[in-house]
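Me: I have this one open in front of me and would like a close look at a single part. Please start with one pair of residues and follow the connections outward from there, in one connected answer.

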Amino acid sequence: MSTTSGDSHLSSRSHSSDSDPKRLLTLSFAALGVVFGDIGTSPLYAIRECFHGEFSIPVTTPNVLGVLSLLIWALLLIVTLKYLTFIMRADNEGEGGILALTSLIISHSKKSKSERWILVSLGLFGAALLYGDGMITPSISVLSAVEGIQLIAPSFTPFMIPVTIAILAALFLFQHHGTAKVGSFFGPIILLWFTSIGLLGLVEIVRYPQILQAVFPWYGIEFLMNNQAKGFMVLGAVFLAVTGAEALYADMGHFGKRPIRLTWLVLVLPALLMNYFGQGAVLLSEPEKSYNPFYALVPSWGLIPMVILATLATIIASQALITGVFSLTQQGIQLGYIPRLTVRHTSASHIGQIYVPAANWSLMFATIALVAGFGSSSKLASAYGVAVTATMLISAVLFYYVARDLWSWNRTAINLLMGFFLIIDLSFFGASVSKLLHGAWFPLVVGAVLFTVMLTWKQGRRLLQKQIADRTLTVAEFVDSLAIQQPQRVKGQAVYLTANPDVVPMALLHNMRHNKILHSEVGLLNFSTERVPRVPNSKKVEVVQLNYGMYKIIARYGFMEYPNIRQVLALANQQGMHFRPEAISFFLNREKIVTGMKSKMSLWRKKLFALMARNALSATAYYDLPSGQVIEIGVQVQI
């Protein structure tokens, strides 16, 4: 392959850990508490579903060694090789995740418009599927931990669902406080979790060292050949062991590549392997314990502490997914695929810690409904894998185009590498989809609905802006008209928000038409979202001084940033403007959307767009404009 790689795209903030051992250790410890919670709690249910789930197989020596071999190599090939070695090279100025990868393609790809649309649609669908994952992960993780109480007190069974729902409700009710207050506790708890599960597994390995034979891949290959269709179905349960791999990539921007890779190789992977080997050893020596091999590793005196620790670990894993959904929602809003929603920052020192009420309550009701509807973690496991396998498959396809078109890697090498990854991904995806009637439909339906919503909002906004542009003037035409006949000018400063920096907002024309006045100083402000995570302050605001006291202001923000009107005005004033925030009148369009016009967009989608537009957060609230200085002017637009 060519020596060109994605590593050159990493921002300096991600690389600062490379030369400072103390900072590297700090970041690695922090990553432990945030990044690895999901994949770290998979031992609670992954092997159990192979031998005790709806598609279980008999507990025999060949089957145990075969399943364990598949699981070990899934961790090595998918997490270590695919994600940590290759896909994490594809960063968008240090940020990872499927939307960051999609933005990288949009920004740098030289493909045709139709080809880019296909790739962007794939990225959006993958992002939509992550919402389904965000609903299922808290449900299955917490429910799996609580089910351990049945081993201590069988009479607890009737209370299992209510207790799980209570824990989940408390978790979501806490979100508005943010994770800053409890973040320092995440690392120690997860460190204790990985240390404990690794030692529990090691004890069983010492008792039954023959289990280490499973490290050889031919046991897994032989298992698939002997079991055929049944073995293929078991792949869906094996995949549960790697469901947190996408989170490693998505959280790369918070910690950098090296801390994540170091933590995985030094602690997380060894602990997981030891625990899985230990569970396999238990199954070979005591097959009757297949109903919960994880807790079978725990001595009777340690069951209560382990159930408590497992519950805490699953709450942390759930927190990581919930925070990820919040970040994904913010990115979707900034990129124009999701209507404006309330986004609250919960930490003064960590910009990534945000709270999105609409996403939080939606997730809460969905997770509670899933627990109540499915009733057990085994049934939920059937619904779990398909969303993640599909997202991993899409990430691999997008990475292929980045490596081939942006980095100019050797075609033969990247084709062989991608072919190898696709064989693995398609195998797991096929096994997960085969459970369609057993719950796998749920995340696909969620993904399809959200994908439709995102495309509808994007297309509707584009159609709306076109209709507005057809009914108004360009900025150049408007300034030229002022040379011919100026309206009455009144002393004062006015800022008009506009979706298109080259078009005069209708609010300005309506104000002139009805009030017959124009302020002495007028700013036309456009917020533009760039295809990069963050824009430095030196490039964030561009001011173009026009004639007759008018300014065109373009504020550029990254898709990981939150627009700030006070910051924009401060940066604009450094470029020759003299606008005082407390003296400005802000003018906004308030569009009333009427459907019925013929276009490529179907009528039901137009009505959906109109409904979303009516319920979207107002620009006043979203941009945190001083409400006492805002004037909204109604405009009726037909689409």
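Reply: Happy to. Let's begin with A494, whose bridge partner in β7 is S585. Please keep in mind that everything here comes from a predicted model.

That pair belongs to a wider pairing: strand β3, residues 488–497, runs parallel to strand β7, residues 584–594, and four bridges join the two. β7 also pairs with strand β8, residues 630–638, again in the parallel sense, this time over nine bridges. Within that pairing, N589 stands opposite I633 of β8.

Side chains add to the link between β7 and β8. R590 and E632 meet in a salt bridge, with 3.8 Å from N to O. Since R590 sits in strand β7 and E632 in strand β8, the salt bridge ties together parts that are 42 residues apart in sequence. How buried or exposed are these two partners? R590 has a relative accessible area of 41%, so it is partly exposed; E632, at 37%, is partly exposed as well.

Now back to β3 and on to K552. The C-alpha atoms of K552 and Y496 are 9.8 Å apart in space, with their positions 56 residues apart in sequence. K552 is found in strand β6, residues 550–557. Its relative accessibility is 15%, and because buried means under 20%, K552 counts as buried. Which side chain does K552 meet in a polar contact? It is that of D502, at 3.2 Å. Beyond its neighbours within four places in sequence, K552 also touches other residues, including P501, L524, E542 and V543.

Moving along from β6, we come to another salt bridge. K540 pairs with E561, and the closest N and O atoms are 2.8 Å apart. K540 lies in helix α24, residues 537–540, while E561 lies in the loop between β6 and α25, so 21 residues separate the partners of this link between distant parts of the chain. In contrast to the partly exposed R590, K540 is buried, with a relative accessible area of 1%. E561 is buried too, at 10%.

From here a residue early in the chain comes into view. N92 sits in the loop between α5 and α6, and its contacts include R531, V532, P533 and F559. N92 also touches A100, S103 and L104, and a polar atom of its side chain lies 3.3 Å from the backbone oxygen of A100. With a relative accessible area of 3%, N92 is buried.

Next to N92 in number is D91, which forms a salt bridge with K257; here the closest N and O atoms are 3.6 Å apart. This pair joins distant parts of the chain, D91 being in the loop between α5 and α6 and K257 in helix α15, 166 residues apart. Both D91 and K257 are buried.

Helix α15 makes a good last stop. This helix covers residues 257–285 and holds N275, which is buried with a relative accessible area of 0%. The side chains of N275 and Q279 are joined by a polar contact of 2.8 Å. Outside its neighbours within four places in sequence, N275 is in contact with P43, I197, G201, F294 and L297.

Technical notes: Residues are numbered from 1 along each chain as its sequence is written. This is a predicted model: local features need pLDDT of at least 70, side-chain atom pairs count only at pLDDT 80 or more; totals for chains, interfaces and linings use all residues. Side-chain values use heavy atoms; hydrogens and water are left out. Two strands pair if DSSP finds at least two bridges between them. Buried means under 20% relative accessible area, exposed over 50%, partly exposed in between (1.4 Å probe, protein chains only). A polar contact is a pair of N or O atoms within 3.5 Å; within protein, one must be able to donate a hydrogen and the other to accept it, and residues adjacent in sequence count only if both atoms are side-chain atoms. Contact means heavy atoms within 4.5 Å. A salt bridge is a side-chain nitrogen of Lys or Arg within 4 Å of a carboxyl oxygen of Asp or Glu.
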